[in-house]
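Thanks for joining; I would like to walk through one chain today, beginning with a charged pair and working outward to the whole. Please keep the sequence and the model open while I talk.

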Amino acid sequence: MATKTRTEQNGSNEDIKNEDNALKEELKTELKAEIMEEAKAELREELKAEIMEEAKAELREELKAELKAEMESASKDDKPEENSVEQGETEEQRAHSMEKVSYILPIIPGEPEEVNVTINGRTLQILRGEQVEIPRMYAEVLNNQLEQARAFKKFQEDNKEQVTYAD
C-alpha cells in the first residue's frame with residue numbers, strides 16, 4: 001500500500017486549487033466575452049434605432065419644406081393677376097368667366113345623377129335636376145358638352161342606315 005505523505009497531499013491539493021483557479025479564470029474570460037458581445041449587439045440596435053429616428057426626422061423636415069413650397073406655389077397660382085397673365089386673360093374676362101349664373105343640369109335617363117366638371121384642375125360637382133349657382137365658365141363647359149351630345153345623337157340617327165358594326 002502506498003501512502004502519500006502530507007507534502008504530496010498538499011501538493012496535489014494545490015494542483016487542484018490551481019486547476020480550479022485556471023478554470024475560474026477561463027470561465028470569467030468566456031463570460032466577459034459573451035457579455036461584451038451582448039453589449040455590442042445592444043449598442044448596434046440602439047444605434048440603428050437612433051439613426052432611423054434621425055433619418056425620419058430629416059425626412060419629415062424635407063417633406064414639410066416641399067409641402068410648404070407646393071402650397072406657396074399653389075397660392076401664387078390662385079392669385080387672379082398672375083393667373084390672368086399666364087392664361088392671357090384680361091381682368092375683365094376673368095371676372096366675366098367667374099361670374100355666378102343660375103344653372104339646371106337636365107336629368108337624362110341612364111346618365112349619372114351627379115356630374116363632375118373640371119377646369120384647370122378645379123372640380124365642381126353638380127346634381128342633375130337642381131338649380132345651382134355656378135361660375136359662368138363651368139356653365140359654358142356643361143352647355144358645350146350637352147350640345148356635343150345632342151349633335152352626336154342626331155348624327156347617329158341621320159346615319160343609322162350607313163353605320164356598320166364589326167363583329
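Lys56 is partly exposed, with a relative accessible area of 39%, and its partner Glu53 is partly exposed as well, at 45%; here buried means under 20% relative accessible area, exposed over 50%, and partly exposed in between, with a 1.4 Å probe and protein chains only. Glu53 and Lys56 form a salt bridge whose closest N and O atoms are 3.9 Å apart, the term being used for a side-chain nitrogen of Lys or Arg within 4 Å of a carboxyl oxygen of Asp or Glu. Because these two residues are 3 apart in helix α1, about one helical turn separates them.

I should say at once that this is a predicted model, in which local features need pLDDT of at least 70 and side-chain atom pairs count only at pLDDT 80 or more, while totals for chains, interfaces and linings use all residues. Residues are numbered from 1 along each chain as its sequence is written, and side-chain values use heavy atoms, with hydrogens and water left out.

In helix α1 there is also a salt bridge between Lys48 and Glu45, with 3.7 Å between the closest N and O atoms.

Which residue does the side chain of Glu99 meet in a salt bridge? The partner is Arg136, at 2.1 Å from N to O. Glu99 lies in the loop between α3 (91-98) and β1 (100-104) and Arg136 in helix α4 (residues 136-158), so the pair ties together parts that are 37 residues apart in sequence. Glu99 is partly exposed at 38% relative accessible area, and Arg136 is partly exposed at 22%. In total, the structure holds 7 salt bridges.

Turning to the overall layout, the chain has 4 helices and 4 strands, taken as DSSP runs (helices H or I, at least four residues; strands E, at least two) and numbered from the N terminus. Along the sequence they follow the pattern α-α-α-β-β-β-β-α, and helix α1 covers residues 6-78.

How much of the chain counts as buried? Of its 167 residues, 12% do. The exposed area is about 14,700 Å², with carbon and sulfur atoms supplying 53% of it, as computed by the Shrake-Rupley method with a 1.4 Å probe. As for contacts, meaning heavy atoms within 4.5 Å, residues 24 or more positions apart account for 48% of those with a separation of 6 or more.
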